[in-house]
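User: I am new to this structure and would like to know what stands behind the words used for it. Could we go through it term by term?

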Amino acid sequence: MQSIFDIAGSAMQAQSIRLNVTASNLANANSVAGTAEQAYKSRQPVFAAILKDEIGGVRSMGIVESQRPPEMRFEPGHPMADEQGYIYASNVDTVEEMANMMSASRSYQTNVELLNTTRQLMLQTLKMGQ
Amino acid sequence: MNIDKLIGVHSEALRMRAQRTKLIATNIANSDTPNYKARDIAFADTLKDAGWHNGSKTGVSQAGQLQATMNTTHKNHMTMNSSSTKEVVMYRQPNHASLDGNTVDKDAEQARFAENSVRYQASLEFIGSRIGSIIRTLRGE
């Protein structure tokens, strides 16, 4: 039963990474840059199951950047505009990130509940036969 | 008098419930992992493997009869699980397909987790009351 704490803990860790990345994406949703390469690219964590003794938690294998092209805006008056007068906005999809945030926080809550239930079960097991 | 007989199926049920809690926790933890396949314990098969049928012990466990032994000649070799009760773990049939190959239905798993923990508590209660009655018998109250 103790390994449930590891499993739920790993899931909470993974979901908080996801929440962190989402926060970074949302914070940079309106960032602009002078070139397409410098524009902020939306980041997403990649989850993978930890397979140890058939049962295991989850971990974040790494963070990938979205390959969607950045939004080009014609703003010649902007201080960061290039020779053609374009600025490059981030490719973050705000609606998608909001949905991501809700999903991550729900998953986090579920795992906290899991921990609480398991803790109660273990405490009751300790009291067995008393 | 055999203490195992007094407690009956409940000790094995408790172990199975603990294992199932772990499996469902793994399923919930991996509810966002691409290509993860949800798993669960086949309860009837596990009970049969433990040698139980219609609430009574039928004797030799089927798993025990079928289990072959494996020799290990190196410290890195895997050994087979020697415990008499081996849970029969199977993949869950998904209700609907998902694009990332994940078959975890988070709400259904949560419901199963709740159900499983109630049943775990029920087994605990059964064992507790059996132990209580043994102690009362010994005291002669």
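User: Why is the crossing of α2(A) and α2(B) called left-handed?

Analyst: A crossing has this name if the near helix is turned anticlockwise from the far one by less than a right angle, and is right-handed if clockwise; the crossing of α2(A) and α2(B) is of the left-handed kind. This is a predicted model, in which local features need pLDDT of at least 70 and side-chain atom pairs count only at pLDDT 80 or more, while totals for chains, interfaces and linings use all residues. Residues are numbered from 1 along each chain as its sequence is written, with chains lettered from A and ligands numbered from 1 in the order in which they are written. Helices (H or I, at least four residues) and strands (E, at least two) are DSSP runs, numbered from the N terminus.

User: What makes α2(A) roughly antiparallel to α2(B)?

Analyst: Helix α2 of chain A (residues 94-126) and helix α2 of chain B (residues 10-29) have axes that come within 10 Å and cross at roughly 165°. Axes are lines fitted to C-alpha atoms, for helices over the stretch in contact, and angles run from 0 to 180 degrees between N-to-C directions. Angles under 35 degrees count as roughly parallel, over 145 as roughly antiparallel, 65 to 115 as roughly perpendicular and the rest as oblique, and therefore α2(A) is roughly antiparallel to α2(B).

User: How do you know that α2(A) is roughly parallel to α5(B)?

Analyst: The two helices pack at an angle of about 10°, with their axes 10 Å apart, which means that α2(A) counts as roughly parallel to α5(B). Residues in contact here (C-beta atoms, placed from the backbone, within 7 Å) include A:Leu114 and A:Leu121 of α2(A), and B:Phe113 and B:Tyr120 of α5(B).

User: Which classes of residue make the contact of α2(A) with α5(B)?

Analyst: There are five nonpolar, seven polar and one charged residues in that contact, where Ala, Val, Leu, Ile, Met, Phe, Trp, Tyr, Cys and Pro count as nonpolar, Asp, Glu, Lys and Arg as charged, and the others, Gly among them, as polar. Across the whole interface, 25 residues of chain A are in contact with 24 residues of chain B. On the chain A side of it, α2(A) gives the most, with nine residues.

User: Why does B:Asn35 count as exposed?

Analyst: A residue is buried if 20 or more other C-beta atoms lie within 10 Å of its own, exposed if 12 or fewer, and partly exposed in between, C-beta atoms being placed from the backbone; B:Asn35 has 12 such neighbours and is therefore exposed. B:Asn35 lies in the loop between α2 and β1 (39-41) of chain B and has a positive phi of about 65°, although it is not a glycine. B:Gln93, in the loop between β4 (89-91) and α5 (106-139) of chain B, has 7 other C-beta atoms within 10 Å and so is exposed.

User: How do you know that β4(A) and β5(A) pair?

Analyst: Two strands pair if DSSP finds at least two bridges between them, and β4(A) and strand β5 (residues 86-89) of chain A are joined antiparallel over four bridges. Among the partners, A:Met72 is bridged to A:Tyr88, and A:Arg73 stands opposite A:Ile87. Two bridges join β1(A) to β5(A), also in the antiparallel sense.

User: Why do β1(A) and β4(A) stand at the edges?

Analyst: The open sheet has three strands in the order β1-β5-β4 in chain A. β1 (32-33) and β4 (71-74) each have a single partner strand, so one side of each is left without a neighbour in the sheet.

Definitions and conventions. Two residues are in contact if their C-beta atoms, placed from the backbone, lie within 7 Å.
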